[in-house]
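Please follow the account below with the coordinates at hand. It proceeds from strand pairing to helix packing and then to the surroundings of the ligands.

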Amino acid sequence: MEQALTSDQDIVLEVTDLVKHFPIKRGFLQRQVGSVKAVDGVTFRVPGSKTLGLVGESGCGKTTTGRCILRAIEPTAGEVIFHHDELGPLDVVSADPETLKRVRTNVQMIFQDPYGSLNPRMTLLEIVGEPLTVNRGVRGHELEDRVAELLRVVGLHPEYMRRFPHAFSGGQRQRIGIARALALNPQLVVCDEPVSALDVSIQAQTLNLLQDLQEQYGLAYLFVAHDLSVVEHVADAVAVMYVGRLVETAETEELYLNPRHPYTEALLSSVPRPDPTAIKKRIMLEGEVPSPANPPPGCHFHPRCRYATDECRHEVPILREIAPEHFVACHRADVLHLAGVG
Ligand SMILES: Nc1ncnc2c1ncn2[C@@H]1O[C@H](COP(=O)(O)OP(=O)(O)OP(=O)(O)O)[C@@H](O)[C@H]1O
Ligand code: SF4
Ligand SMILES: [Mg+2]
C-alpha cells in the first residue's frame, strides 16, 4: 500500500498495514466462528511535534488502533515503528519487554473518560507521581516537587496534591490525566477523545491547554475524535477512518477545503460554521455503520454512499495519492466534485 502522509519532517511514529482482528467464539468448545475486523490495514505517520487527527464514527477502530500502538493489545499483523529520541527506530510489534518499556515511557495515552481513568483511591501525588516512582525511582521531596511542577503546568494548584480525584470536576480530572501523561516527558501522546466527555465550555480550555503543552514540550499527538469539528483547530493533518480502514488522509486545510471521499464530505457537512450566511446542506447518512464483524463487500461505505456504482459493491478501493500528500480510497475520487467547508 502507498504510504500515507509522507513528509520530510522528523517522523515519530510509522504505522504500516496495521491489522487487529478479534476472534468471535461460540459454543461449549469456544470454536472460532468469525472475527471482528476492528482494524483492517491502516497506514499513517505522525510527524514529531505535530498532531495527526484520527476521525471516524463510533466503533470504526480508533481506540483499537491506539491500543495496538502501545501494545496494550497485540496487533494481528502490521508494523509499528516508534522513533525514540535516544535509541532511534524501535519496532514496537516485536519489541522485547525491556524495549517495550522504553517505548511506553515515551508514548503516553490520555483517555476519554476522566472519571473512570483515574484510580479513586489514589491522591493526585500518587496518580501523577506513580510513573516517576516506577520508572525513575523518584520519591520523597523530589517527587513532591516534580508533581507540584506538573500540576502547575496543567493549571492546577500544587496544594491539591493530597486530595483524591472525586474532589475535582471533569475538566480538572482531565488535567490530572494530562499531568500524569507528561510526567515522563514523552515524545508522543495518544489522546483518545480527550474532550468528548466534557462540557462545551471546558472543551475549548482543554484543547488550548493541549496546544500550549505541545508548543512548550514539542509533543506529537495522535488525536482521536469522532467528528471533524473537534480536530479542525488542533490537527496539522487528519486521517478519516471507516469500519477499520482509512478512507482519506490529508493536511487539515486541504481535507476541509477539498475532500475527495464521500464519507469525509458527509462528516464535513455537519461541522458547524461561524458564518450564518454560509450555505450548508447537511448530508444525512442513511442506515447504520456496518458491523466490523460482517462488513459489506467492496467499498465498506457503498450501502450509505450516494455516489456508489456497481464497481463499488465488488471492488475494494485502495488508498492512493490523488494530490501531493492527499490520499483517498474511492473508485470515483477522480470524477466526483465534493463539497468542502471554507
Ligand atoms: N476486546 C474486544 N473484543 C472484541 N471486539 C472488540 C474488542 N475491542 C473492540 N472491539 C470491537 O472492535 C470495533 C472497534 O472498536 P473501537 O473501540 O476501536 O472503536 P472506536 O472507533 O474507538 O469507537 P468509539 O468512538 O465508540 O470509542 C468495535 O466493533 C468493537 O466492538
Ligand atoms: S468507492 Fe464508491 S461507494 Fe465507496 S466512497 Fe467511492 S463512490 Fe462511494
Ligand atoms: Mg474509542
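In this predicted model, strand β9 (residues 237–242) and strand β10 (residues 245–251) run antiparallel and are joined by six bridges. Within this pairing, Ala237 of β9 is set opposite Glu251 of β10. Both strands belong to an open sheet of eight strands, whose order is β6-β7-β8-β3-β9-β10-β12-β11 and whose pairing is mixed. The sheet ends at β6 (107–110) and β11 (320–323), the edge strands, each of which pairs on one side only. From one strand to the next, the twist averages 20 degrees.

A further antiparallel pair is made by strand β1 (residues 11–26) and strand β2 (residues 31–47), with 13 bridges between them. One of the bridge partnerships links Pro23 to Ser35 in β2. The two strands, β1 and β2, form a hairpin in which four residues lie between them. In the turn, Gly27 has a positive phi of about 80 degrees.

The helices α3 and α4 offer a case of helix packing. Two packed helices are described by the distance between their axes together with the angle between those axes. For helix α3 (residues 124–136) and helix α4 (residues 140–153), the axes come within 9 Å and cross at roughly 110 degrees. Because of this angle, α3 is roughly perpendicular to α4. The crossing in which α3 passes α4 is right-handed. On the α3 side, the contact is made by Leu124, Leu125, Val128, Gly129, Leu132 and Thr133; on the α4 side, by Leu143, Glu144, Arg146, Val147, Leu150 and Leu151. By class, the residues of this contact comprise eight nonpolar, two polar and two charged.

The model also contains ligands, and the shell around ligand 1 leads back to the hairpin. Which residues come nearest to ligand 1? Of the 13 residues around this ligand, they are Phe22, Ala38, Ser58, Thr63 and Thr64. Strand β2 and helix α1 (62–69) each supply at least two residues of the shell, and α1 gives the most, with three residues. The shell around ligand 1 consists of five nonpolar, seven polar and one charged residues.

Around ligand 2 there are 13 residues, of which Cys299, His302, Cys305, Cys312 and Cys330 come nearest. By class, the shell of ligand 2 holds nine nonpolar, three polar and one charged residues; in this classification Cys counts as nonpolar.

Note on methods: Residues are numbered from 1 along each chain as its sequence is written. Chains are lettered from A and ligands numbered from 1 in the order in which they are written. This is a predicted model: local features need pLDDT of at least 70, side-chain atom pairs count only at pLDDT 80 or more; totals for chains, interfaces and linings use all residues. A residue is near a molecule or strand if its C-beta atom, placed from the backbone, lies within 6 Å of it. Axes are lines fitted to C-alpha atoms, for helices over the stretch in contact, and angles run from 0 to 180 degrees between N-to-C directions. Angles under 35 degrees count as roughly parallel, over 145 as roughly antiparallel, 65 to 115 as roughly perpendicular and the rest as oblique. A crossing is left-handed if the near helix is turned anticlockwise from the far one by less than a right angle, and right-handed if clockwise. Two residues are in contact if their C-beta atoms, placed from the backbone, lie within 7 Å. Two strands pair if DSSP finds at least two bridges between them.
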